[in-house]
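I opened the notebook to look up charged side chains and their partners. The entries follow in the order I worked.

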Amino acid sequence: MCPKIKLALVALLLPALFSITQQFSTAFAFEGRITATVTRGGQIQTLLYTVGTNQLRIERGENDHPYPKNIVDHDTGDLTLLFPHNRSFVRLKAGAENQSPAPPGFPGMPNRPPMPEMPVPPGAIGPTNLPGMPAPPQMPQMPPGVGPQAGSSVPNMPAMPMMMPPMPMEGVELKATTETTNLLGYACTRYELRQRGEVMEIWATDKLMTFEPYVQNQPHRFGPRMIEQQWGGLLKAKKLFPLLAVLRLEPPPGPTGVAPAPPGPERLRFEVQSITPEKINDETLFQPPPDYQEIQPLPF
């Protein structure tokens, strides 16, 4: 075959081969290592993600404290916290932090029946017949609509205000925009979160693993409400991974025809520094060490 024809065939086949390779590579979940930094209050934290075939390990890069390590099962979503300071670990089922059968304020406490009233027998010492005690003054007449219900034998008393149920706390919604960019070789879409005068700008991709926020302590069963504690779960629900996320104070709207005010100062920044695809062969990274003792989760 003529060399020129061979070169022409190669030129025609290369784009098709490249497209097939891309589809083949994206058909499998990401495996490798990701390094990210979290900046808050002038302090910088480093997070190291080790992504295996079915499990994920998240740990702090600093050595100034025995920070716990997170192990997440991709299939079940279960989380294992490793505590190096006392060589223990705890297993948390997926979604357990948002389950609470008890009313707010009293987790795990059963409802108790009211205490029965103790009757005072005739002639017994009581509030109205103590020796030498004057009779209590008569209660003033209450206005209409205030006091006991009709037919009640209880004397007129001021009506107690009804206990209002706690108002549900405001949630946030992850909204996608039409803006896109490329960060560290990954196509990202811009998302926004807004709540109580704050706005969080998030550039996230669906070409990596599903995001898992780093957990330093056992989460409470009553869901977090602050925006910086919700954004990770919202990304996780959409199977996205952030390459950059910045939380700011939202500037107030200005008058019509005037240039908008500059964005407020950053309160939180999550930024991926490096992504290294590689095969993770060390399965011990995703298991508690054999000398660690398992402890039970907190009841609240």
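**Entry 1: the surroundings of Arg57**

I listed the contacts of Arg57, leaving aside its neighbours within four places in sequence, and found Leu48, Tyr49, Thr50, Lys69, Asn70, Ile71, Leu82, Leu285 and Phe286. I note here that the model is predicted. Arg57 itself lies in strand S3, which covers residues 55-60. Is Arg57 buried or exposed? Its relative accessibility is 10%, so I entered Arg57 as buried, the cut-off being under 20%. I then looked at the side chain of Arg57 and found one of its polar atoms 2.6 Å from the backbone oxygen of Leu285. Leu285 is also on the contact list of Arg57.

**Entry 2: salt bridges**

How many salt bridges does a search of the whole structure find? I got 17. I wrote up three of the pairs.

**Entry 3: Arg190 and Glu179**

I looked up Arg190 and found a salt bridge with Glu179, with 3.4 Å between the closest N and O atoms. This pair links distant parts of the chain, 11 residues apart: Arg190 sits in strand S8 (residues 186-195) and Glu179 in strand S7 (residues 175-183). I checked the accessibility of both partners. Arg190 has a relative accessible area of 13% and is buried, whereas Glu179, at 40%, counts as partly exposed.

**Entry 4: Glu212 and Lys236**

Next I took Glu212, which forms a salt bridge with Lys236; their closest N and O atoms are 3.3 Å apart. Here too the pair links distant parts of the chain, with the two positions 24 residues apart. I placed Lys236 in helix H2 (227-237), and Glu212 in the loop between strand S9 (198-205) and that helix. Glu212 counts as buried at 11% relative accessibility. Lys236 has a relative accessible area of 32%, and I entered Lys236 as partly exposed.

**Entry 5: Glu271 and Arg269**

For Glu271 I found a salt bridge with Arg269, the closest N and O atoms lying 3.3 Å apart. Are the partners buried or partly exposed? Glu271 is partly exposed, with a relative accessible area of 28%. Arg269 is partly exposed as well, with a value of 22%.

**Entry 6: a network**

Last, I looked for salt bridges that share partners. Which residues do they join into one network? I wrote down Glu179, Arg190, Glu192, Arg194 and Glu201. The pair from Entry 3, Arg190 and Glu179, is part of this network.

Note on methods
Residues numbered from 1 in each chain as written. Predicted model: local features only at pLDDT ≥ 70, side-chain atom pairs only at ≥ 80, totals over all residues. Heavy atoms only, no water. Salt bridge = Lys/Arg side-chain N within 4 Å of Asp/Glu carboxyl O. Helix = DSSP H or I, 4+ residues; strand = E, 2+ residues; numbered from the N terminus. Buried < 20%, exposed > 50% of the residue type's maximum accessible area, 1.4 Å probe, protein only. Polar contact = N/O pair within 3.5 Å; in protein donor to acceptor, adjacent residues only side chain to side chain. Contact = heavy atoms within 4.5 Å.
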